[in-house]
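Notebook open, model loaded. I'll jot down what I look up as I go.

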Amino acid sequence: MKIRENTTSYIDTHGDIYKQIALDIHAQPEVSNFEFFACNRLSGQLKAEGFDVTIDVAGHRTGFIASYRSKSNKPNATLVLLAEYDALPGLGHGCGHNLFGATSLLAAVALKSAVDELGGEIRVYGTPGEEGGENGSAKGSFVREGLFCDVDAALCVHPVAEKHILTRKSLACAPVDIEFWGKPAHAASAPEKGINALDALLSVYHSINALRQHLTADVRIHGIITKGGQAPNIVPDYAAAKFYFRAATAETLEEVYQKVQRIVEGAALSTGAKGRLAPYQNRVENTIPTPSFDALYEKNLNKLGQKITPLDEIEKKNLATGSTDVGNVSHVIPAIQPCISISDLKIAGHSEEMKAAAKSEKGLSSIVLGAKALALTAIDLLEDGEVLAKIKAEHKSLLHEGA
């Protein structure tokens with residue numbers, strides 16, 4: 001009990017430091033692979049708190065690892081707090097990642113005394129580009145590089161509007177570039193000498209629309225045309241688009257990927273243009289929740305006077321609507337990403353209203369609440385090896401079942 005009291009007391013006493021960090025990051029929004037200020041602000045704080053810090057990790061120049069081991073070297077679990085801190089292009093922190101990173105940091109630093117007493121290791125993984133973009137979805141790289149091989153479990157909380165909810169299933173996602181190269185020509189005097197790359201791309205766009213009626217309900221495909229030519233009187237010799245393919249499982253996602261690949265090949269054949277479909281960042285895996293892990297978090301949130309709102313009917317039917325690279329982590333170790341309320345109103349994510357909530361009084365207060373719930377859950381894992389073993393066994397079973 002003393003460990004828990006000391007941990008929550010530390011969070012109450014030092015919460016304002018991390019609220020200011022969140023405000024600083026909110027004021028300087030940065031997108032994937034350019035989160036230099038946020039990376040330095042967060043990793044610098046951890047270094048000042050006695051963590052060993054490495055910046056530029058797994059091919060991500062704005063990624064970091066910070067670790068704190070028990071001073072007694074007493075063996076115990078290794079736990080990771082995941083930190084996100086990227087913003088949305090053109091919008092800023094409309095997903096609340098300024099709060100996300102600060103919350104994980106406060107929980108990790110507050111756990112130092114618990115680790116000294118109970119043993120083990122606490123780490124913070126600074127993972128850039130959750131929203132995607134240049135070298136985006138860094139957790140996929142962290143997994144690929146084996147940075148979770150010696151980790152027992154991962155924890156984080158994500159800001160959301162008016163409800164506290166538990167970890168949800170999410171869709172796997174393949175972000176791709178679709179490009180065509182044609183041949184320029186004068187569109188009026190010599191159109192027969194040109195090969196229209198835009199026509200090829202539009203053929204793909206319309207074929208994807210036709211494909212939708214033959215896909216399962218969990219599949220989502222959405223994209224934008226980013227390049228369609230230079231002038232109306234020149235046959236477009238280059239056209240490009242960005243698409244997201246999403247599905248509830250990796251297998252279905254791969255089926256969708258191959259279908260669109262054939263569409264691209266067909267458009268190239270029919271127009272004479274050269275076509276290409278290729279990923280522009282890490283593929284994102286679907287999230288596999290571990291219910292007993294979430295139950296542990298819920299128990300601690302309840303002790304803090306807060307209640308979880310049951311998932312709505314869509315989520316009960318397992319139809320997830322978004323994607324997160326926490327899913328990549330959940331495919332190798334137990335991971336939780338419950339959502340914590342930062343607004344009393346129902347507001348949409350990725351909106352100006354969400355951006356405002358991410359620096360509101362309630363938004364900033366969520367850092368303290370979230371840090372307490374995460375830290376207390378981590379202490380449960382460090383204190384009781386049987387609880388952790390049960391969670392790991394359940395996770396292994398879910399992976400085997402292909403959940």
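**Around Glu30**

I started with the contacts of Glu30: leaving aside neighbours within four places in sequence, Glu30 touches Glu35, Phe36, Phe37, Ala38, Tyr85, Asp86 and Ala87. Note to self: this is a predicted model. I placed Glu30 in the loop between α1 (2–27) and α2. Is Glu30 buried or exposed? Its relative accessibility is 14%, so I put Glu30 down as buried, since the cut-off for buried is under 20%. I also checked a spacing across the chain: from Glu30 to Pro128 the C-alpha atoms are 9.9 Å apart, with the two positions 98 residues apart along the chain.

**Phe36 and the patch**

Phe36 came up among the contacts of Glu30, and I looked at it next. Phe36 sits in helix α2. With a relative accessible area of 38%, Phe36 is partly exposed. Together with Val31 and Phe34, Phe36 makes a nonpolar surface patch of about 230 Å².

**Helix α2 and the sheet**

I followed α2 onwards. Helix α2 covers residues 36–48 and lies across β1, β2 (60–69) and β4 (121–126). Its angle to β2 is about 15°.

Then I traced the sheet. What is the strand order? I read β1-β2-β4-β3-β5-β11, an open sheet of six strands with mixed pairing. At the edges I found β1 (52–57) and β11 (335–336), each of which pairs on one side only. I picked one strand pair to look at in detail: β3 (residues 78–83) and β5 (residues 153–155) run parallel and are joined by three bridges. In that pair, Leu81 stands opposite Leu155 of β5. A reminder for the margin: strands in a sheet pair through backbone hydrogen bonds, parallel or antiparallel.

**Salt bridges**

How many salt bridges does the structure hold? I have 19 on the page. I went through some of them.

Glu49 and Lys112 come first in my notes, with a side-chain salt bridge at 4.0 Å, N to O. This pair links distant parts of the chain: Glu49 is in the loop between α2 and β1, while Lys112 is in helix α4 (residues 112–118), 63 residues apart. I marked both Glu49 and Lys112 as buried.

Next, Asp325 and Lys139, whose side chains meet in a salt bridge at 2.7 Å, N to O. Here, too, distant parts of the chain are linked: I found Asp325 in the loop between α9 (313–316) and α10 (326–330), and Lys139 in helix α5 (residues 138–144), 186 residues apart. Both Asp325 and Lys139 are buried.

Then I turned to Arg283 and Glu254, where the closest N and O atoms of the salt bridge are 2.9 Å apart. Arg283 is in the loop between β10 (274–279) and α8 (291–303) and Glu254 is in helix α7 (residues 250–271), so this pair ties together parts 29 residues apart in sequence. Are these two buried or partly exposed? Arg283 has 30% relative accessibility and counts as partly exposed. Glu254 is partly exposed as well, at 32% relative accessible area.

Last entry: I found a network of salt bridges linking Arg4, Lys299, Asp380 and Glu383.

Terms used:
Residues are numbered from 1 along each chain as its sequence is written. This is a predicted model: local features need pLDDT of at least 70, side-chain atom pairs count only at pLDDT 80 or more; totals for chains, interfaces and linings use all residues. Side-chain values use heavy atoms; hydrogens and water are left out. Two strands pair if DSSP finds at least two bridges between them. Helices (H or I, at least four residues) and strands (E, at least two) are DSSP runs, numbered from the N terminus. Contact means heavy atoms within 4.5 Å. Axes are lines fitted to C-alpha atoms, for helices over the stretch in contact, and angles run from 0 to 180 degrees between N-to-C directions. Patches are made of residues with over 30% relative accessible area and no salt bridge: like charges are joined within 9 Å, nonpolar side chains (Val, Leu, Ile, Met, Phe, Trp, Tyr) within 5 Å. Accessible areas come from the Shrake-Rupley method with a 1.4 Å probe; for residues, only the protein chains shown count as cover. Buried means under 20% relative accessible area, exposed over 50%, partly exposed in between (1.4 Å probe, protein chains only).
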